[in-house]
Amino acid sequence: MSVGPYNYSYIFKYIIIGDMGVGKSCLLHQFTEKKFMSDCPHTIGVEFGTRIIEVSGQKIKLQIWDTAGQERFRAVTRSYYRGAAGALMVYDITRRSTYNHLSSWLTDTRNLTNPSTVIFLIGNKCDLNAARDVTYEEAKQFADENGLMFVEASAKSGENVEEAFLETAKKIYQSIQDGRLDLNAAESGVQHKPSQSGGRNTLVNDQTASKDSCSC
Amino acid sequence: MSSNQDLIGIIQAKLSSGETASSCHEASLMQGWVRASRILALVEHENEWALFIFISSRMPPEVFTDLAIERVIPVDSDFKCEIDAGEQSGDVYVNISSRKLKLLFEMIPGIKTNNFVSEIMRSMEALMKLRGPPPEFQWLHKYSGSTSNRNSADCDPAPVDAADVDVTKGAKTVAEKMLDIDSPDIVVPRQSIAQGATPIAARESVIRYQMSMKEDDYTFTETLRVFIGTWNVNGLPPNASLSPWLASDMEPPDLYAVGFQELDLSKEAFLFNDTPREEEWRKAVIAGLHPAAKYRQVALVRLVGMMLILLVQEKHEKHVRNVAWETVGTGIMGKMGNKGGVGIRVEIHNTSICFVNSHLAAHVEEFERRNQDYHDICSRLSFSKFVPTKCIKDHDQVYWLGDLNYRITEMEPRIVRDLISHNSLSALLECDQLNRQRQHKNVFDGYREGPITFKPTYKYDPGTDDWDSSEKNRAPAWCDRILWRGDGMEQKEYRSHPILRTSDHKPVSALFESQIRVIDVVKYRKVHEEVMKKLDKLENEFLPQVTVDNTEIIFDIVRFLEPQSQELIIANTGQVPVDFEFIKKLDDSKYCKEWLNIDPAASSIKPGEKCDVKLELFVDKKSASKLNSGEDKLYDILVLHLDGGKDIFITVTGNYERSCFGSSLEALVHISVPVREIPIGKLVELENVREAPGGMEPYPIPKEIWFLVDHLYRHGLKKQNLFLLTGLHSELIAIRNWLDNGSSEPLPGSLYSIAEALLLLLESTAEPIVPFNLHSVCLGAATNYLQCKQIIMQLPEFRRNVFLYLCFFLQELLSHANENGLDAKTLATVFGAIFLRDPPRVSARGRVNPAVMDRKKASFVYHFLVNDLSDYVMSKSLHLSGTS
């Protein structure tokens, strides 16, 4: 009987980035609690959430860092990129300025994460189609040009929220399978033991892939 | 910290006389969804052991009144202890169970845990070795309030009883108390969390524990018809169909466990454990199975003459897992295979079943040997392929069959036969050794046997139904028996099959309808998912949470050397204790800028409580110059990190009022008015533009230095201990204001304060008078006046001016040494440290003993205090006599 100490085999660290008010915290909340927070205050700092998901039969624990979007915190939030296996880059489809800033967010992400980090572009608030300011097509084109995964989602209705988080995990898992993501590379933020402090260090591979507790 | 010995002493004080705490340990008990501290102790009383679980009002307990007994679990035959030590988890999980009660403890790995667990194991082994009736644990009755599980575990010793249902029920309530999974909202005892209990983490052992507590929700029971047969064949080969024995029921059984004894009495079989009979009888069994179903052989095990064969209906085959078999010899020399037992264990769906076929010691008077053989088999039959190894008792259901060889005693064979012929079996059953020994709990404790309605199965003349006619004229006996132990097992038939006359024994069989727990895969997944989700939810809910009363700390006007403070209130609004800490940002060397001090910078807060953090802003000589030049601002983002949780950004801002303190000499010589009268932009420009701006002719030295020195020159030459005694803070502030704002009043403050202000002014600059790049050159030249002189001559103009001006002044002071008591060496030491201030980061490699450095700096300055300086080319206005 295998006695893996954890019920999950991996820990993936995600960061959520993007301009203020695009709905980063709501996306996190929708993903972890399956609820929409209607009057979500601005994040002053970095929120933290966790959920265990399953990819290809592997239990994966997501540790999600939801960063403050305000420009004045930009320098500080840059500290949180390091070792992220996934980056969810969010803009608001009803506010073009948030879309226009994407290239600057992307630059930060590319500079501060490692090449295997999966970047997923989310056009949030797609429930507000009437107020749309950015078309799906142009965002899709931007994503394609930059090699990003992309969906439009709604933290309010929950549409595509689950998908964005799961697809990112699938892609990361694939990278591990392909050997593109080196679990032992220090700069990939990989460590073999989850830190007690809730994993400021990112992507963790638990060597003994734990077996389902009940064989049935 | 109390040592283990102290702890044992405290526990001992809690116990009655005659009870000895032999070992104890701290552990965390998993209670539903939280874990809480407990103290475990293994307590002995006259060779009976029990595990005591204590709650302590403080950890570690200091007196015995701190302890309350939560539960007492007797180390009896139901007691189990399993260890789960994940390689990487850093924790050891110990499962303690007793019937339906399951407790999961988390222990810190290490020698203490190892010792404690091995003590438990030792007590269990001691129980196994115990002969005679099992312990009764009378001494635990006084703790009965804490032993609700004990009452249910203590089942009726009567051979047949229906108390089983109640037992399950009783234990169930205990089990349910431990787990609140069904309640819609997780009821988590906030109080206990506040006292240090923590929510359980999502770990493998915890999930397994949670799943096992929920077993009823994802399993259903299926009835399995189990046929158990036993026959001592007296070494003879099969000579008739076994169908009358094996296929005597209408419906085909789902499972057969058929045991033989004395399969082969030959020397070869005994010595080499090899016999053709095995295959002959195996074939006979297969040929005799119920014709209405197809069977597959699961396992066959044989030791000399004892053979056990297990078969299941084809349709069940795929649900049979983890098959293992073992043999134990208890015959000649206590280990040969002429007597003993063989066992097969399997798991069918989610139920573990063990079958034991034994042949116990022969001879009428040897019942104690038989008891002994039983105990030997119990302790020695272990399935070693499992880790930890599984014993007979570790199974949900046990069937024990065989030629147990117990006889009818204290009765003439003639009378026995007579009673049998009159069908008066009950009188005989009272004299049955097995029944008697079981009543005394000397053997088969916890097992049950169905009522015997058939005639004794021993001893017949082979080939007949006649009682033994040999000289020995043995009394008939029920040698061949079938017993069972476990929940949900119901015996439907218990009979012998006299029609089979091959042997001097008649075969016996029993038919059971046993409840097998089957996992509903869909439900299992659902429950598993629920458990996982709950753990997820818990993990998020029990993330540390705080609120801070203010994330933007604004200091209004901040002045040099005037500390200000504000309070930040961090309130723990979450459900768990929080450890917070202000952490460094990327590339920063400290968690806050040098002008800020945070107290405490790290601490713990219990739920519902708060912590006042004092933020003190203080611009001193180290930080002033950067704020003056604009290199730094009174702006910082602090990262308040919660251990295991989120980060909160606290912005600290303030308005710094620039001062001459912290301004460079180069800037000051270009300012003819008080610093405060210059617009900030102009000041920053002066600090950053290196070449002389046009406009005014710069002063040879900063006027601020001149004001201070001039005052000292005129009023302080005779003052004792000038530069050695410190001034008053309030006077320093007044002097600062006088310099920065300008005033027609005389310079305020005592001479000591003015002297200190002068030193402070020189110390607050970004660079000392001798720039950092000349620092080491100066130290190297310290012994050579000429070299020192050269260096000074090469200094930039304003610096040279200030240096020489101050040296002139110091020489003037020294010329009044009679009155002021100063000496050149002391002043050289004071000003050496100021003129040759150490660069901010002296590399570790080049670091010299600081005392040596200080001596060198002093000797550098000393030259200029004792030598005639009149040959220096100097601006005439610098002469001290030439006052404005």
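Confidence in chain A of this predicted model averages a pLDDT of 82, and 81% of the residues of the chain score at least 70. Two stretches of chain A fall well short of that level: over residues 1–6 pLDDT stays under 50, and over residues 189–216 of chain A pLDDT likewise stays under 50. The model nevertheless places both stretches against other parts of the structure, with 26 contacts beyond four places in sequence for residues 1–6 of chain A and 93 such contacts for residues 189–216 of chain A. Where pLDDT is low, the predicted coordinates should not be read in detail.

With that caution in place, the overall organisation of chain A can be described. Its secondary structure comes to 6 helices and 7 strands, and these elements succeed one another along the sequence in the pattern β-α-β-β-α-β-α-α-β-α-β-α-β. Of the 216 residues of chain A, 58% count as buried. Among the contacts of chain A with a separation of 6 or more, 71% are accounted for by residues 24 or more positions apart.

In chain B, a convenient starting point is strand β18 (residues 397–403), which is mostly covered, with 7 of its 7 residues buried. The side chains of β18(B) divide between two directions: Gln397(B), Tyr399(B), Leu401(B) and Asp403(B) point one way, whereas Val398(B), Trp400(B) and Gly402(B) point the other way, and all of them are buried. Strand β18(B) has a parallel partner in strand β15 (residues 351–359) of chain B, to which it is joined by 7 bridges, and it has an antiparallel partner in strand β19 (residues 480–486) of chain B, again over 7 bridges. Tyr399(B) takes part in both pairings, since Phe355(B) stands opposite Tyr399(B) in the one and Tyr399(B) stands opposite Trp484(B) of β19(B) in the other.A second covered strand of chain B is β21 (residues 508–519), in which 10 of the 12 residues are buried. Strand β9 (residues 219–232) of chain B runs antiparallel to β21(B) and is joined to it by 12 bridges, with Ala510(B) in β21(B) as the bridge partner of Ile228(B). Strand β20 (residues 489–496) of chain B also pairs with β21(B) in the antiparallel sense, over 7 bridges, and here Glu493(B) stands opposite Leu511(B) in β21(B).

Further along chain B, an open sheet of 4 strands has the order β22-β24-β28-β26, with antiparallel pairing. Its edge strands are β22 (546–548) and β26 (596–599) of chain B, each of which pairs on one side only. Neighbouring strands of this sheet are turned by 25° against each other on average, direction ignored. At one edge, β22(B) is joined by 3 bridges to strand β24 (residues 564–572) of chain B, the two running antiparallel, and the bridge partner of Thr547(B) in β24(B) is Ala571(B).

Strand β28 (610–617) of chain B leads on to Ser623(B), which lies in the loop between β28(B) and α16 (624–629) of chain B. Is this loop residue buried or exposed? At 0% relative accessibility, Ser623(B) counts as buried. Beyond residues up to four places away in sequence, Ser623(B) touches Glu594(B), Trp595(B) and Phe618(B).

Arg438(B), by contrast, belongs to a helix, namely α14 (residues 433–439) of chain B. At a relative accessibility of 4%, Arg438(B) counts as buried because the cut-off for that class is under 20%. Although their positions lie 305 residues apart along the chain, the C-alpha atoms of Arg438(B) and Pro133(B) are separated by 8.9 Å.

The last feature to consider is a pair of helices. Two packed helices are described by the angle between their axes and the distance between the axes. Helix α24 (residues 797–814) and helix α27 (residues 850–866) of chain B have axes that come within 8 Å and cross at roughly 65°, and the two helices are therefore roughly perpendicular to each other. In this arrangement α24(B) passes α27(B) in a right-handed crossing. The contact is made on the side of α24(B) by Phe803(B), Cys807(B), Leu810(B), Gln811(B) and Leu814(B), and on the side of α27(B) by Phe860(B), Phe864(B), Leu865(B) and Val866(B).

Key: Residues numbered from 1 in each chain as written. Chains lettered and ligands numbered in written order. Predicted model: local features only at pLDDT ≥ 70, side-chain atom pairs only at ≥ 80, totals over all residues. Heavy atoms only, no water. pLDDT = per-residue confidence, 0-100. Contact = heavy atoms within 4.5 Å. Buried < 20%, exposed > 50% of the residue type's maximum accessible area, 1.4 Å probe, protein only. Pairing = 2+ DSSP bridges. Axes fitted to C-alpha atoms, helices over the stretch in contact; angles between N-to-C directions. Parallel < 35°, antiparallel > 145°, perpendicular 65-115°, else oblique. Left-handed = near helix turned anticlockwise from the far one by under 90°.
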